[in-house]
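Hi,

Here is the structure I promised to pass on. Have a look at it first, and then read my notes below.

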Amino acid sequence: MRPWESKLRSHLCANRLGGFHFRRQQIIDGYIVDFYCHAAGLVIELDGGGHLNQQDYDQARLAHLTALGLKKLRFFNSDIERDMNHVLEASLSTCEIES
């Protein structure tokens with residue numbers, strides 16, 4: 001597990017974010033997503049610099065997940081380091097709206 005995933009996981013696991021249950025490394029139609037909340041239909045992805053080299057893949061993946069009716073939040077690893085509160089607030093807000 002990457003350090004940023006571990007930091008975010010510590011806030012999401014055991015239903016710590018507003019009582020919402022998140023799964024890590026969830027497979028959805030052949031795509032592995034970093035975190036998934038089934039109740040809210042929310043995918044959370046953490047991206048580092050490596051994603052700059054796979055933009056076409058990421059766009060196709062996003063289109064597929066969106067077609068399934070899922071919402072997706074994408075944060076950069078630096079967001080986890082600099083402003084975890086924003087990441088958590090945005091995630092919780094989206095869960096509350098979508099559930």
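**What I found**

Let's start with helix α4: on the face turned away from its buried side, you'll find the exposed residues Asn85, Glu89, Glu96 and Ile97. Before going on, keep in mind that this is a predicted model.

Helix α4 covers residues 84-98, which makes 15 residues. From its first C-alpha to its last it reaches 21 Å, close to the 21 Å expected at 1.5 Å a residue.

Which residues of α4 are buried? They are Met84, Val87, Leu88, Ser91, Thr94 and Cys95. These buried residues cover an arc of only 135 degrees around the axis, so they sit on the same side of α4. If that spacing looks odd to you, here's the general idea: an α-helix has 3.6 residues a turn, so residues three or four places apart point the same way. And what covers the buried residues of α4? The cover includes α1 (3-12), β2, β3, β4 and α3 (77-82).

Next up is the sheet. It is an open one with four strands in the order β1-β2-β3-β4, and the pairing is mixed. At the edges stand β1 (23-28) and β4 (71-76); each has a single partner strand, so one side of each is left without a neighbour in the sheet. From one strand to the next, the twist averages 45 degrees.

Now zoom in on β3 (residues 42-47) and β4. These two strands run parallel and are joined by six bridges. If you want one to look for, Val43 has Lys72 in β4 as its bridge partner. Helix α2 packs on the sheet as well, where it touches β1, β2, β3 and β4. The direction of α2 makes about 50 degrees with that of β2.

Last thing: the aromatic rings. How many aromatic pairs does the structure hold? Just one. It's made by Tyr31 and Tyr57, whose ring centres are 6.0 Å apart and whose planes are at 55 degrees, so the pair is tilted. For that label, the planes have to be neither under 30 degrees apart (stacked) nor over 60 (edge-to-face). The pair links distant parts of the chain, since Tyr31 is in strand β2 (residues 31-37) and Tyr57 is in helix α2 (residues 55-67), 26 residues apart.

Are these two tyrosines buried or exposed? Tyr31 counts as buried, because its relative accessibility is 18% and the cut-off is under 20%. Tyr57 has a relative accessible area of 41%, so Tyr57 is partly exposed.

Have fun with it!

Note on methods. Residues numbered from 1 in each chain as written. Predicted model: local features only at pLDDT ≥ 70, side-chain atom pairs only at ≥ 80, totals over all residues. Heavy atoms only, no water. Phe/Tyr/Trp six-rings, centres within 6.5 Å; stacked < 30°, edge-to-face > 60°. Buried < 20%, exposed > 50% of the residue type's maximum accessible area, 1.4 Å probe, protein only. Pairing = 2+ DSSP bridges. Axes fitted to C-alpha atoms, helices over the stretch in contact; angles between N-to-C directions. Contact = heavy atoms within 4.5 Å. Expected span 1.5 Å × (residues − 1). Arc of directions from axis to C-beta.
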